[in-house]
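Colleague: I should like to learn how to read the chains, domains and contacts of a model. May we go through them in turn?

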Amino acid sequence: MHSNPAASGQASWGLKLAAWAGLLFLHFPILIIFAYAFNTEDAAFSFPPQGFTLKWFSVTFARADVLEAIKLSLQIACVATLIAMFLGTLAAAALYRRDFFGKEGISLMLILPIALPGIVTGIALLSAFKTLGIEPGMFTIIVGHATFCVVIVYNNVIARFRRTSYSLIEASMDLGADGWQTFRYIILPNLGSALLAGGMLAFALSFDEIIVTTFTAGHERTLPLWLLNQLSRPRDVPVTNVVAMLVMLVTMLPILAAYYLTRGGESVAGSGGK
Amino acid sequence: MDHSPNARAPLHNTGPLHRLSSLLYRKPNLYLALLLIPPLLWFGGVYFGSLLTLLWQGLYTFNDFSMTVTPTLTLANLAALFQPANYDIILRTLAMALAVSLASALLAFPIAYYMARHTQGKTKAFFYIAVMMPMWASYIVKAYAWTLLLAKGGVAQWFVDQFGLTAVLQLILGIPGVGGSTLSTSHLGRFLVFVYIWLPFMILPIQAALERLPPSLLQASADLGARPWQTFVQVTLPLSIPGIAAGSIFTFSLTLGDFIVPQLVGPPGFFIGSMVYVQQGAIGNMPMAAAFTLVPIVLVACYLAIVKRLGAFDAL
Amino acid sequence: MTLAVQFSGVSRLFGSITAVDRVSIDIEDGEFFSMLGPSGSGKTTCLRLIAGFEQPSTGSIRIHGAETIGLAPYQRDVNTVFQDYALFPHMNVLDNVAYGLKVKGIGKRERHSRAEEALEMVALGGYGERKPAQLSGGQRQRVALARALVNRPRVLLLDEPLGALDLKLREQMQGELKKLQRQLGITFIFVTHDQTEALSMSDRVAVFNKGAIEQVDTPRNLYMKPATAFVAEFVGTSNVLRGELAKRLTGSEQPFSIRPEHIRFADDQAAASGEVEISGLLHDIQYQGAATRYEIQLENGQSLSISQANDQWQEATPAHRPGQRVTARWARHAMIALREDLPHKGR
């Protein structure tokens, strides 16, 4: 029998090489960031790095502006995530089973903030805030972030809802549990890890967001905005490198955790994207 | 077991939560409404309210001399979009978005195909995470990493020098419309950064589409006498098109609205995003900025209409 | 005799589709009652109406005399064994079984001992710590049964509970279910599409077709005296003869049913009094082990099945070959007159 492309058998050398080279391409720039964070050199970005040091970490954590930005980003991400978890779960619970008029419209509406370019969401929010006379600041950043984080939570939760047989809910009611008891004993425990995974992804997304934030931040400076600002003023490259590595970690680690929480059949965050 | 009637008297509690549960059970529409009201209020109020405000402001008048906005309605901003200078910006952005989508699809396909068809168990999980992590890794840091890579004396140049490819690089940078004076100020550099950042968004939908393809289909094709490449062209590729289309929604839309990468890498010359940013920020011409945001909205809407026909929404 | 469940003119519409069409049934207390029909015939919807997962569009359902319209599932004294068992995956077996007691506010000690007791009843004592995923299909089915019975319902609803089991296990469970029902003396309402299962287990069976009930009767009567062509053909196999042919054989145009095993070949003797005969072309012979089936093409084009038991230990030489012209004969009283099929009848 000739080679069968259907079986997970032998891939041609070319395909194998292309796949692994693709992975390398995806990870190389990230590795570079990690390498530079420990570089002894303090001015240029020359390659290869000159030596290994940890001193830039202590320098970075002594910088008030960096700490301020970290604190602000964490606060915003926490609040935005909580709002997104609340709204996303409600929307998923409403949409996963019953068919009603406008259902497709609502799911489209949830996706719109990430399907439309971030700049549209950003400037739209800014113009609305200006019209209403709301001064841009932490509050406006949170509103923006929560808006596009809802769909992340929604996607995770609705996937779990769909995977959970509806007869579990019927069985619970059949055994005498009312709606609240069913929610507490059956729905919530089954939803838990998906909700947590969605929350962590939303957190990572909020922590890193820059396009919408540019418009809604006013004078506030989140960590990504601080970084962007550093790029146009390449004075303290080593500190920038350390912060870059930290941001990288904060945004990458949740995906690992989310993966392990929702392992087994459903997509973590593949669809809907970020 | 005891089955006397006394033993089975139902023990119903009568707390407020129980009464609420029973009310909501009897009135499923009320229950649905209660679930939907918070998200609808948020999205209707915050999101659509903002979008409408924005579009409305696109009709306001901006006075070039006093640099002020007056709420007199005009179509001048919309008309201005068709000025040659603005037209150039739109075309430049659109060309980049299409080029990035195409290149991402070409690069993503082998990775996705390998993931879907030639990996199992632990290797599949490894590949999946290895694609997801860069996808979720900080956008701004990824862009920053590329400024380091492409900088003069940076990593890219070191590799080019090591392999003695300086002449080749100079040749490529000399091509008009593609090159530039250095890698970090060339269209090519900007293109590379975009492709890098959005590539994972293309890999995963294609992989998912290929994963859904039942092996029996490919076996049937082989059984009916198709050679492997014929099976690929006749069966695999057509059935992976929804995945490619779904992935391209991200690559297209995200490139179209970006203003950070064009600011960091590549030659001068505005993108749609940078134009919007500058109009509302430095110039303070909110009406023109608002009118400009119509461009990506319209382009994305057209794009969505096209890829919907390719089945993109089923592959999301 | 008190009634466990009483349907009076119950209909259930989903949009423009009538899933249940003016059904009226009286199910007696302590009865093993089956609802039999092909998929989409409305039997499962009827079960869900009793459980409270659906509300009737019109009509009334009484459970032990009490009207149930508007009552949620948790307000009804019935419990269900689900087709997919619906065991809670995040709880172990003991907590699954104890769930109904827990939500009724019964203390941990009592509910655990009662759950353990229920598990022993289904021969799963000592399995309490396991998760549902660690059990076989048959064991899950027993857990689902124990979970429903621990609440001591007066009516137990079973929605094709044996459908996912293989044949051997299925026959074993049929026997156990029947035994359990006799032992507990409560009403079992059993939904199935398998007529053998329904016949062998039930006190009475309701045959569903297109949302309506064709016949409610004992298994013996369903088989021996089917009321309609649908019942005759769905319960067992049957020859339903109509029109001209019926008139020639019975003197009336009313359709009738004759079971294949009640027909024999006329061979050489003359017809006895009280027998009718008809001839045709033998066109197929199927050997089925315990019996052999012969298909005869009648002159009007209709096909007639004859079943002959292979009850001799010796292999008899087949007396007939395809292509032969044969005469079939049967006793006049073996023919059962059928009601005309009318669309949308009540019962």
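The dialogue below treats chain A, then the contact between the chains, then the domains of chain B.

Modeller: Please bear in mind throughout that this is a predicted model.

Colleague: How many helices and strands are there in chain A?

Modeller: Chain A holds 11 helices and zero strands. Its pattern along the sequence is accordingly written α-α-α-α-α-α-α-α-α-α-α.

Colleague: What percentage of the residues of chain A count as buried?

Modeller: Burial is judged by counting neighbours: a residue is buried if 20 or more other C-beta atoms lie within 10 Å of its own. In chain A, 54% of the 274 residues count as buried. As to contacts in chain A with a separation of 6 or more, 77% are between residues 24 or more positions apart.

Colleague: How many residues does each chain bring to the contact?

Modeller: Chain B brings 86 residues and chain A brings 71 residues. On the side of chain B that touches chain A, helix α2 (residues 28-57) of chain B gives the most, with 15 residues. That side of chain B comprises 64 nonpolar, 20 polar and two charged residues.

Colleague: Which domains does the assignment give for chain B?

Modeller: The assignment gives domain 1 (15-70) and domain 2 (81-137 + 194-314). The C-alpha centres of these two domains of chain B are 30 Å apart.

Colleague: How many residues of each domain of chain B are in contact with the other?

Modeller: Nine residues of domain 1 are in contact with nine residues of domain 2. On the domain 1 side, α2(B) supplies the largest share, three residues. The residues of that side are six nonpolar, three polar and no charged.

Notes
Residues numbered from 1 in each chain as written. Chains lettered and ligands numbered in written order. Predicted model: local features only at pLDDT ≥ 70, side-chain atom pairs only at ≥ 80, totals over all residues. Contact = placed C-beta atoms within 7 Å. Helix = DSSP H or I, 4+ residues; strand = E, 2+ residues; numbered from the N terminus. Nonpolar A, V, L, I, M, F, W, Y, C, P; charged D, E, K, R; others polar. Buried ≥ 20, exposed ≤ 12 C-beta atoms within 10 Å, placed from the backbone. Domains from an automatic or database assignment.
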